[in-house]
Every structure is written in structure tokens, then in C-alpha cells.
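Student: Please take a close look at a single part of this model. Start from one side-chain contact, then work outward to whatever surrounds it.

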Amino acid sequence: MNKKRVSILALSLLGAIGCRHLAPSKPLSELTANEAAGHRIFVSQCSGCHYANTENGLHGPGLEGLFRKPYLASGAPANDDRVTAVILHGRSVMPAFGNTLSDQEAEELIAYLHTL
Ligand code: HEC
């Protein structure tokens, strides 16, 4: 490989690493009724352990961009089925919410998580 190709490669690698910042989440003022209901559930049940507006961890991983990234913190695919399972059944020290949330509340929460 010549010198020019190496530096182009290095630059594109840097770009790929540097571009990790996500586009902003949907503003709270623009949430639908369903998403806003999910936000209220998040605040009461989840925000003690998870930040919604950053990828930085609190007790659990930050959830900004949860569904806009291909994988969850655990490496599992970021899809509704997987996230719903984590919420209903828990994961290591994260408690299960299967007995706390109704089916409708779980759906509202997922709708809100999609806005992050
Ligand atoms: C008592 C603290 C606590 C609460 C409350 C909590 N979590 Fe968690 N959560 C965690 C921890 C810790 C992890 C990391 C678990 C692990 O993989 O070791 C986690 C992981 C997750 C993950 C990533 C799962 C994966 O596969 O990587 C999601 C999504 C999540 N939580 C969503 C929620 C939602 C939504 C709520 C509210 C219903 C919630 N959590 C409430 C502590 C909590």
C-alpha cells in the first residue's frame, strides 16, 4: 500500500470513530400521547438507573439512541422483542417489571424508548 492510501485509510477510520455522536432524540414537547405516557413510566420506573439523554451509564447503561443503534449494551440486537424481554424479565441486577407494568404500559414504554 502506498503512503497516500494509508493516510486515506487512517482518515476514514478516524471519521468512523469520530462520528459516533448520535443525532438528537425527539424533543419531549413533540411526543405523541402514547409516547408521553411511556415517558411518565420511564421517569417513575427507570430513570433511577438509566439516563435517557446520554449513552453514559448510571446504574445501567445510558439509553440515548437505544433503537437507533444496532446492538444493546449486552450485544443483543436492539429490537422490540429483546428490549421488551429485558423489561419484563429483568437482567442481572436490573429488576423484572413483568408484574409492575400492564401490556399497554409496556407498549407505551417501548414507544417512548423509540424516541430516544
Ligand atoms: C435498579 C436499577 C435498574 C432499573 C430500575 C432499571 N434498570 Fe435497566 N438495567 C439495569 C442494569 C444494571 C442493566 C445492565 C444489565 C447487564 O447487562 O448486566 C440494565 C440494562 C438495561 C437495558 C439493556 C439490556 C441489554 O441487553 O443490554 C435496557 C434496554 C434497560 N435496562 C431498560 C430499562 C427500562 C426501560 C427500565 C424501566 C422499566 C429499566 N431498565 C429499569 C438497571 C436498572
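**From one loop threonine to the ligand site**

Tutor: Start with threonine 54. Its side chain reaches the backbone nitrogen of asparagine 56, and the separation is 2.8 Å. Keep in mind that this is a predicted model. Threonine 54 belongs to the loop between H2 and H3. Is threonine 54 buried or exposed? It is buried, at 19% relative accessible area. The cut-off for buried is under 20%, so a value of 19% qualifies.

Now set that loop in the overall fold. The protein has four helices and zero strands. Read along the sequence, the order is α-α-α-α. Of its 116 residues, 31% count as buried.

Next, the ligand. Its space is the largest pocket. Two elements each give two or more residues to the shell around the ligand: helix H3, residues 80-89, and helix H4, residues 103-113. H3 supplies the largest share, with three residues. In total, 22 residues surround the ligand. Which come nearest? They are Cys46, Cys49, His50, Arg91 and Met94.

What is the chemical make-up of this shell? It holds 14 nonpolar residues, six polar ones and two charged ones. Three side chains can be followed to oxygen atoms of the ligand. Take arginine 91: one of its polar side-chain atoms sits 2.5 Å from a ligand oxygen. Serine 92 also places a polar side-chain atom by a ligand oxygen, at 2.9 Å. For arginine 82, an N or O atom of the side chain is 3.4 Å from an oxygen of the ligand. The cut-off for a polar contact is within 3.5 Å, so the arginine 82 pair at 3.4 Å still counts.

Move on to the aromatic residues. How many aromatic pairs does a search of the whole structure find? It finds one. The partners are phenylalanine 42 and tyrosine 112. Their ring centres are 5.5 Å apart, and the planes make an angle of 50 degrees. The pair is classed as tilted, because stacked needs planes under 30 degrees apart and edge-to-face needs over 60. Phenylalanine 42 is in helix H2, residues 33-45, while tyrosine 112 is in helix H4, so the pair ties together parts 70 residues apart in sequence. Both residues are buried.

Helix H4 also carries glutamate 107. Its setting is unlike that of tyrosine 112: glutamate 107 counts as exposed, at 57% relative accessibility, whereas tyrosine 112 is buried. Where does the chain pass by glutamate 107? Its C-alpha atom is 9.4 Å from that of aspartate 80, which is 27 residues away along the chain.

Finish in the loop between H3 and H4, where threonine 100 is found. This threonine has a relative accessible area of 43%, which makes it partly exposed. Its C-alpha atom lies 8.7 Å from that of leucine 88. Those two residues are 12 apart along the chain.

Put the two threonines side by side. Threonine 54 is in the loop between H2 and H3 and is buried. Threonine 100 is in the loop between H3 and H4 and is partly exposed.

Definitions and conventions
Residues numbered from 1 in each chain as written. Predicted model: local features only at pLDDT ≥ 70, side-chain atom pairs only at ≥ 80, totals over all residues. Heavy atoms only, no water. Near = heavy atom within 4 Å. Polar contact = N/O pair within 3.5 Å; in protein donor to acceptor, adjacent residues only side chain to side chain. 1 Å grid on protein atoms, 1.4 Å probe; cavity = no way out; pocket = protein on both sides within 12 Å on 5 of 7 lines; lining within 4 Å. Sits in = over half its atoms within 2 Å of the grid points. Nonpolar A, V, L, I, M, F, W, Y, C, P; charged D, E, K, R; others polar. Phe/Tyr/Trp six-rings, centres within 6.5 Å; stacked < 30°, edge-to-face > 60°. Buried < 20%, exposed > 50% of the residue type's maximum accessible area, 1.4 Å probe, protein only.
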